[in-house]
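Grab a pencil and keep the viewer open. Here are a few exercises to work through, each with its solution right below.

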Amino acid sequence: MLIGCRLDQVHIFNFDTSPDVFINTIDTKVKNKLQCHDGWTNPLQWNLNSTNYRHNSLDISTSEDVFMRNVKKCNRDDSKRVCVVVDSLSPVLLRKSPTYVFNGLHRLINTNDLGFEVCLVVCLVHKDVHDESALCALEHLASTILTVSSYMSIMPLNEAPLGICNIVHKRRTGKVFKKKEGYSVDRDYRLITFPEETKQSVIKMEPPDQGDPTANLTFNLTLRESEKQARSEVVLPYTLSAKRKANELNPGGRIYYEPDEADDFDDEDPDDDLDI
């Protein structure tokens, strides 16, 4: 484990795997830095006669914080920088409320009066047994999320990946770093990575030929040149022509009079031959 080389002690909480099986896969150079907490043998204390004396036995049936309590209990005095690894957080989430579990993890990495520093907390979660609200809350708490999915391939391990890992890392500055890599694990538990290809293929899309929609009509929708000329010479009723504009702007002092019915006209001299 690379983590064990950089830190003083690593606390392993085993819920999905027996501590004896897990520790046999670890390099002997870092085994002395490991502290296994057995949540596999008897986590709910149903079997009172089953106790693993080689490792610290866990009891998740109580209301106490299972992580903080056992890390403080088993941490060595000379270990100042430690790491906590949970091989599966799902058994704890299925028996305790997500709020209780997430608050415990948050206190574990943010408490400063323990006498040692928890530099890193690594948890594995099975997404298929939890609802979206619990997973979203856990992703909000985490600074780095690795989502692993299978990748079917018949090629050798060193030529094609067996799985795909999507990486999301949230930096303290607020920036989010995303990356996708393929991976394989050989028989000696060595990790083989396949970086994501950065080349992108660009396909140029040509618009389809729609044709002329007025080609097969029984009537004509277009105008000939003579019709366009005649249309341009038509004076619309709301258009102010030059002649009308001149008459309205320069009337010349003319008086327009329209007789009214009440006007009194004298018809005694219709021939206008009398000099009165």
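The exercises below go through strands, a helix pair and the cysteines.

This is a predicted model, where local features need pLDDT of at least 70, side-chain atom pairs count only at pLDDT 80 or more, and totals for chains, interfaces and linings use all residues. Residues are numbered from 1 along each chain as its sequence is written, and side-chain values use heavy atoms, with hydrogens and water left out.

**Exercise 1.** Work out which strands pair with strand 1, and whether its residues are buried or exposed.

*Solution.* Start with the terms: strands are DSSP runs of E with at least two residues, and helices are runs of H or I with at least four, numbered from the N terminus. Two strands pair if DSSP finds at least two bridges between them.

- Strand 1 (residues 9-14) runs parallel to strand 2 (residues 34-38), over 5 bridges; here Ile 12 sits opposite Cys 36.
- Strand 1 also pairs with strand 4 (residues 81-86), in the parallel sense and over 5 bridges; Phe 13 has Val 86 as its bridge partner there.
- Now check burial (buried is under 20% relative accessible area, exposed over 50%, partly exposed in between, with a 1.4 Å probe and protein chains only). In strand 1, 6 of 6 residues are buried.
- Gln 9, His 11 and Phe 13 point one way, Val 10, Ile 12 and Asn 14 the other, and all are buried.

**Exercise 2.** Lay out the sheet that contains strands 6 to 9.

*Solution.* The order is 6-7-8-9, an open sheet of 4 strands with antiparallel pairing. Its edges are strand 6 (144-150) and strand 9 (191-195), each pairing on one side only. Strand 8 (residues 176-185) meets strand 9 over 5 bridges, and Ser 184 stands opposite Ile 192 of strand 9.

**Exercise 3.** Describe how helix 3 packs on helix 5.

*Solution.* Take the geometry first: helix 3 (residues 66-74) and helix 5 (residues 98-110) cross at about 35 degrees, with axes 8 Å apart. Those axes are lines fitted to C-alpha atoms over the stretch in contact, and angles run from 0 to 180 degrees between N-to-C directions. Then list contacts (heavy atoms within 4.5 Å): Val 66, Phe 67, Met 68 and Val 71 from helix 3 meet Tyr 100, Val 101, Leu 105, Arg 107 and Leu 108 from helix 5.

**Exercise 4.** Why is Cys 123 not bonded to Cys 83?

*Solution.* A disulfide needs two cysteine sulfur atoms within 2.5 Å. The sulfur of Cys 123 is 9.5 Å from its closest cysteine sulfur, in Cys 83, so that is too far for a bond. Cys 123 is partly exposed, at 30% relative accessibility, whereas Cys 83 is buried at 0%. The whole-structure search finds 0 disulfides.
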